[in-house]
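This report goes through selected local features of one chain, residue by residue and pair by pair.

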Amino acid sequence: MSTLQLNGANIDYQVVGQGPVLILIPGANGTGDIFSLVREDLKERFTVVTYDRRGFGKSDLTEPLPERCQNAYDDYRVKRDSQDISELATYLSDEPVYILGTSSGAIVAMHVLKLYPDIVKNIAFHEPPINTFLPDAIYWKKKNEAIVDDMLNKGLEEGMKTFSNKNNASSEDLDIMSKTTAQDEEAQKIRYEEKLFWAEYEIRQYTHSDITLEDLVKHKSRIFLLTGEASTETFVYEVTYYIAENINIDVKMMPSGHFGYVQQPQQFSEALIKIWL
């Protein structure tokens, strides 16, 4: 593992493989180890970069979050996450890079494309849970407020039930979201606190951040929309197809569901390589 010292955080990252640079952006879990299986299958064709987003795993914050982050819809963190990707990409490559963001990581990827298009060769949005530009955005905004309220006031387990009901998430997806690789009690406590951090500072802020369809359509030749074959009844599946229909690009079907890169890593990597190379 290596560390890139940036303003406000030390970003922990890992590089394996050969070929063009591919940066993988994790979602709610925040840590690059979620890609440990698919990374092994991608490294023969890509120089794969996985990392812990700031505030998660080993990417420690070196200064407190700005006070503005107490605003439930402040955009500091999602834009800071996108800036971290830009700085990491520039540090590791002299050429534009491939980027794949999954779940809320796909929303980060959208901000990367909007704010730092010059670093992007091709970019994949895998099941982004964004609602900003949907016709019923206010409905979904209120749903997310209910999820956060339950997580922060009733506990993470109760909040995840609300999350599941809202998103039509499968039991398999929820198991992966709830799973921790931490072995000792102290490490498990840290991971639990990180999930609460995600609830307080991401669920509302990222899903309702300032991305428009116009932001996407101007770069649509570099955008690849991905969704899982088993995701057909989920909110993120509907979002993916709404974007596709409104910016007039195809959706690429990927193996399994929201965590296809965990459940079927070899098939997922093969599908991604076929799309890009």
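## Local contacts and ring pairs

Histidine 111 has a relative accessibility of 0% and therefore counts as buried, the cut-off being under 20%. The model is a predicted one. Histidine 111 is part of helix H3. Leaving aside residues up to four places away in sequence, histidine 111 is in contact with Val78, Lys79, Ser82, Tyr116, Ser209, Asp210 and Ile211. One of these, lysine 79, is separated from histidine 111 by 32 residues in sequence, while the C-alpha to C-alpha distance is 6.6 Å. With serine 209, the side chain of histidine 111 makes a polar contact of 2.9 Å.

A second buried polar residue is aspartate 74, whose relative accessible area of 13% falls under the 20% limit. Aspartate 74 is located in the loop between S4 and H2. The side chains of aspartate 74 and arginine 68 are joined by a polar contact of 2.8 Å. Apart from residues up to four places away in sequence, aspartate 74 touches Arg68, Cys69 and Gln205.

Next come the aromatic residues. The count of aromatic pairs is 14. In one of them, phenylalanine 56 and phenylalanine 197, the ring centres are 5.6 Å apart and the planes meet at 80°; the pair is edge-to-face because the angle is over 60 degrees. Phenylalanine 56 belongs to the loop between strand S4 (47-51) and helix H2 (76-92), and phenylalanine 197 to helix H7 (residues 185-201), so this pair ties together parts that lie 141 residues apart in sequence. Phenylalanine 56 and phenylalanine 197 are both buried.

Tyrosine 237 and tyrosine 241 make up another aromatic pair, a tilted one, with 4.9 Å from centre to centre and 40° between the planes. Both tyrosines lie in helix H10 (residues 235-247), four residues apart, which is about one turn of the helix. How buried or exposed is each of these two tyrosines? Tyrosine 237 counts as buried because its relative accessibility is 18%, and the limit is under 20%. Tyrosine 241, at a relative accessible area of 26%, is partly exposed.

Ring pairs also connect Phe35, Phe259, Tyr261 and Phe268 into a cluster. A charge-over-ring arrangement involves tyrosine 73: the charged end of lysine 141 sits over the ring, 4.4 Å from the ring centre.

Backbone geometry is the last topic. Which residues other than glycine have a positive phi? Serine 103 has a phi near 55°, and serine 256 has a phi of about 65°. The table lists where these serines are placed and how accessible they are.

| Residue | Phi | Loop between | Relative accessibility |
|---|---|---|---|
| Serine 103 | near 55° | strand S5 (97-102) and helix H3 (104-115) | 15%, buried |
| Serine 256 | about 65° | strand S8 (251-254) and helix H11 (260-263) | 14%, buried |

The loop that holds serine 103 leads to helix H3, and helix H3 contains histidine 111. Serine 103 counts as buried because 15% is under the 20% limit. Serine 256, at 14%, is buried by that limit too.

Terms used. Residues numbered from 1 in each chain as written. Predicted model: local features only at pLDDT ≥ 70, side-chain atom pairs only at ≥ 80, totals over all residues. Heavy atoms only, no water. Helix = DSSP H or I, 4+ residues; strand = E, 2+ residues; numbered from the N terminus. Buried < 20%, exposed > 50% of the residue type's maximum accessible area, 1.4 Å probe, protein only. Contact = heavy atoms within 4.5 Å. Polar contact = N/O pair within 3.5 Å; in protein donor to acceptor, adjacent residues only side chain to side chain. Phe/Tyr/Trp six-rings, centres within 6.5 Å; stacked < 30°, edge-to-face > 60°. Lys NZ or Arg CZ within 6 Å of the ring centre and 35° of its normal.
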